[in-house]
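I opened this notebook to keep track of what I looked up in the structure, entry by entry. The sequence and the structure come first, and my notes follow.

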Amino acid sequence: MKWKSIADPEEIDVNGTTGDRFIYEAPSQGKEMTKEVVTFRRGKRVYSFVGLFFSSDDKAREQLRRAIGSILWR
C-alpha cells in the first residue's frame, strides 16, 4: 500500500503532553483507507499510536481519538 500524507502534521495536547498527529490515505480493495499516526516525546522515549480504518468509518476515527485523549501519563 502506498500511503500519502493528506494534511500537515497537527499538534495535539493530551493531559499536558504535546504530540503530533499525521494523517495518511491509500486505496485498498477499492476503498480508501486512513492511517493516523500520533507521536509523543517524553524524556528519552517516543510513544507512537497508529490507527488504520476505512476513511468512511467515522466511528473508528472517533474511537481512536478518544482512546488517545484518555492517555494518563505517569
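I began by fixing a term: buried means under 20% relative accessible area, exposed means over 50%, and partly exposed is anything in between, with a 1.4 Å probe and protein chains only. I also noted that this is a predicted model, in which local features need pLDDT of at least 70 and side-chain atom pairs count only at pLDDT 80 or more, while totals for chains, interfaces and linings use all residues. Residues are numbered from 1 along each chain as its sequence is written, and side-chain values use heavy atoms, with hydrogens and water left out.

**Entry 1: a charged network**

I looked up Arg21 and Glu36 and found that both are buried. They form a salt bridge in which the closest N and O atoms are 3.2 Å apart; for this term I required a side-chain nitrogen of Lys or Arg within 4 Å of a carboxyl oxygen of Asp or Glu. The pair links distant parts of the chain, since Arg21 is in strand β3 and Glu36 in strand β4 (residues 31-42), 15 residues apart. I took strands (E, at least two residues) and helices (H or I, at least four residues) as DSSP runs, numbered from the N terminus.

I then asked which other side chain meets Glu36 in a salt bridge. It is Arg61, at 3.0 Å from N to O. Arg61 lies in helix α1 (residues 58-69) and Glu36 in strand β4, so this pair ties together parts that are 25 residues apart in sequence. The relative accessible area of Glu36 is 1%, which means that it is buried.

Searching the whole structure gave 5 salt bridges. Another of them joins Glu62 and Arg66, with the closest N and O atoms 3.8 Å apart. Because these two residues are 4 residues apart in helix α1, about one helical turn separates Glu62 from Arg66. Glu62 has 42% relative accessibility and therefore counts as partly exposed, whereas Arg66, at 51%, counts as exposed. Glu10, Arg21, Glu36, Arg61 and Arg65 are joined into one network by salt bridges that share partners.

**Entry 2: Glu25**

I turned to Glu25, which is placed in strand β3. Glu25 is buried and yet has no salt bridge, the nearest side chain of opposite charge being Arg61, 5.5 Å away; here Lys and Arg count as positive and Asp and Glu as negative, with His and the chain ends not counted. What I did find is a polar contact of 3.5 Å between the side chains of Glu25 and Ser55. A polar contact is a pair of N or O atoms within 3.5 Å; within protein, one must be able to donate a hydrogen and the other to accept it, and residues adjacent in sequence count only if both atoms are side-chain atoms. Setting aside neighbours within four places in sequence, the contacts of Glu25 (heavy atoms within 4.5 Å) include Trp3, Ile6, Met33 and Ser55.

**Entry 3: strands and loops**

I next followed strand β2 (residues 10-14) and strand β3 (residues 17-28), which run antiparallel and are joined by 5 bridges; two strands pair if DSSP finds at least two bridges between them. Asp20 in β3 is the bridge partner of Glu11. The hairpin of β2 and β3 has 2 residues between the strands, and Asn15 there takes a positive phi near 50 degrees. Gln29, in the loop between β3 and β4, has a positive phi of about 50 degrees although it is not a glycine. Gln29 has a relative accessible area of 80% and is therefore exposed.

**Entry 4: the core**

Which residues make up the largest nonpolar core? I listed 10 residues: Ile12, Val14, Val38, Phe40, Phe53, Ala60, Leu64, Ile68, Ile71 and Trp73. Such a core is a set of buried Ala, Val, Leu, Ile, Met, Phe, Trp, Tyr and Cys residues joined through side-chain atoms within 4.5 Å. At least two residues of this core come from each of β2, β4 and α1, and α1 gives the most, with 3 residues. Not counting residues up to four places away in sequence, Phe40 touches, among others, Ile12, Val14, Ile68, Ile71 and Trp73.
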